[in-house]
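Subject: Structure for you to look over

Hello,

Here is the structure I promised. Please open it alongside these notes.

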Amino acid sequence: MAEPILQITGLEKTYPGRGAAPPTRALENVDLDIRKGEIFALLGPNGAGKTTLIGAVCGLVRPTGGTIRAFGLDLAKDWRKVRSRIGLVPQEMAVDIFDTVERSINYSRGLFGRPADPARVEQILRSLSLWDKRDAELRMLSGGMKRRVLIAKALAHDPDLLFLDEPTAGVDVELRRDMWKQIDLLRDQGVTIILTTHYIEEAEEMADRVGVIDKGRILLVDDKDAMMKSLGRTEAQFALDVPLHSIPADIARDGLHLADNGMTLCFRGGDGAGGGRESVADIAQTLARLGIRYSAIDIRESSLEDIFVNLVNERPEIAA
Ligand SMILES: Nc1ncnc2c1ncn2[C@@H]1O[C@H](COP(=O)(O)OP(=O)(O)OP(=O)(O)O)[C@@H](O)[C@H]1O
């Protein structure tokens, strides 16, 4: 197999403690390979280490251990070459706010050694609906427009690897749609994309692979579809007409319990590949045969969000 576009091995980051605060081990022995051209979603709760991981690859955070290789180069040795091929859309703007939109995009392009290319810059600005604002000072822009500028700045030097840190947190629907259009376009151009998101449905829709990180450790990395198949579950709730005091032996199985004082029969099980639905059909038929009536069945397949929450919650605490 071709060498991954990004190869992270044994990455460690411990932030030193300040005053009475102890040091924080933000990344613990992180191994991660990113394939060329994929969209990889990194999911994790607040403080999991997502921004630290991105920061380490983008040179904003100095790792305390491990190695990072990108494009076949060692980041520690060929820092400039590697960084010139990486784009980063950070969570917040940390730029000269008196600059104009166009100047700041041109600056970003020049920063990574790309020759001036007004046509390309115009294309980027137009694709993000920023062309009309090109002469506006950044400080005059709305929050949403600032986010668009951050994306434009990250794209200005045509990176091969793009990081988006919480790209759609707090943005309006229109910007979110534009953002995903952009990401689709970039994917078609062969750009590799790594994003962190709290909107798990977006990862579900867009990502090829998903990694779950919690407390500085990677818990799981898998193809999204495979993950949803192997960890997905079917959930069903039967709203009973008359309460049951116990589960009849004929339908007894793992994942079945009563709730609402016996008024709801709940099932959770299956394999995310249809097995759960068969069980639900079987339960429904048996209830009918036993003359146990119900007014409704509420059935749903678990989402990536459920899988993520379960993974993070089920993880045993690591002894300090
Ligand atoms: N500069 C810093 N100094 C000390 N501790 C830090 C620093 N930056 C982050 N941390 C700590 O490192 C841990 C990981 O933080 P990080 O920002 O990487 O998490 P995250 O997954 O990006 O969280 P969020 O989803 O809230 O952005 C947290 O415990 C955080 O408090």
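Start at Ala41, which stands opposite Val210 in strand β9. Keep in mind that this is a predicted model.

**Strand β3 and its partners**

β3 (residues 39-43) joins β9 (residues 209-214) through 4 bridges, and the two run parallel. Strand β8 (residues 192-196) is also joined to β3 by 4 bridges, again in parallel. There the bridge partner of Ala41 is Leu195. So Ala41 has a bridge partner in β8 and stands opposite a residue of β9.

How many of the 5 residues of β3 are buried? The count is 5 of 5, so the strand is largely enclosed by the rest of the structure. Both faces take part: Ile39, Ala41 and Leu43 point one way, and Phe40 and Leu42 point the other way.

**The ligand**

Eleven names to check here. The residues around the ligand are Tyr15, Thr24, Ala26, Gly44, Asn46, Gly47, Ala48, Gly49, Lys50, Thr51 and Thr52. Two elements each give two or more residues to this shell: β2 (24-34) and α1 (50-57). Which of the elements gives the largest share? It is α1, with 3 residues. By class, the shell holds 7 polar, 3 nonpolar and 1 charged residues.

**The four-stranded sheet**

β2 also belongs to an open sheet of 4 strands, in the order β2-β1-β4-β5. Pairing in this sheet is antiparallel. β2 and β5 (73-74) are its edge strands, each with a single partner, so one side of each has no neighbour in the sheet. For β2, 7 bridges make the antiparallel link to β1 (residues 6-15). Within that pair, look for Leu11 of β1, whose bridge partner in β2 is Val30.

**Helix α3**

Next, go to α3 (residues 101-111). Its buried residues are Val101, Ser104, Ile105, Ser108 and Arg109. Why do they fall on the same side of α3? Because they cover an arc of only 140° around the axis. The buried residues of α3 pack against α4 (118-127) and α5 (143-155). After the helix comes Gly113, with a positive phi near 80°.

**Domains and the strands of domain 2**

The domain assignment gives two entries. Domain 1 is made of 6-85 and 160-228, and domain 2 covers 233-301. Their centres, taken over C-alpha atoms, are separated by 40 Å.

β11 (residues 234-240) is worth a look in the second of these. It pairs antiparallel with β13 (residues 264-269) over 6 bridges. In that pair, Thr234 stands opposite Gly269 of β13. β11 also pairs with β14 (residues 294-301), in the antiparallel sense and over 7 bridges. Here Phe238 stands opposite Ile297 of β14.

**Where to look**

To go through this quickly, I suggest these stops:

- β3, with parallel links to β8 and to β9.
- The ligand shell, where α1 gives 3 residues.
- The edge strands β2 and β5 of the open sheet.
- The side of α3 that packs against α4 and α5.
- β11, paired with β13 and with β14.

Best wishes

Methods:
Residues are numbered from 1 along each chain as its sequence is written. This is a predicted model: local features need pLDDT of at least 70, side-chain atom pairs count only at pLDDT 80 or more; totals for chains, interfaces and linings use all residues. Two strands pair if DSSP finds at least two bridges between them. Domain bounds come from an automatic or database domain assignment. A residue is buried if 20 or more other C-beta atoms lie within 10 Å of its own, exposed if 12 or fewer, and partly exposed in between; C-beta atoms are placed from the backbone. The arc is that of the directions from the helix axis to the C-beta atoms. Two residues are in contact if their C-beta atoms, placed from the backbone, lie within 7 Å. A residue is near a molecule or strand if its C-beta atom, placed from the backbone, lies within 6 Å of it. Ala, Val, Leu, Ile, Met, Phe, Trp, Tyr, Cys and Pro count as nonpolar, Asp, Glu, Lys and Arg as charged, and the others, Gly among them, as polar.
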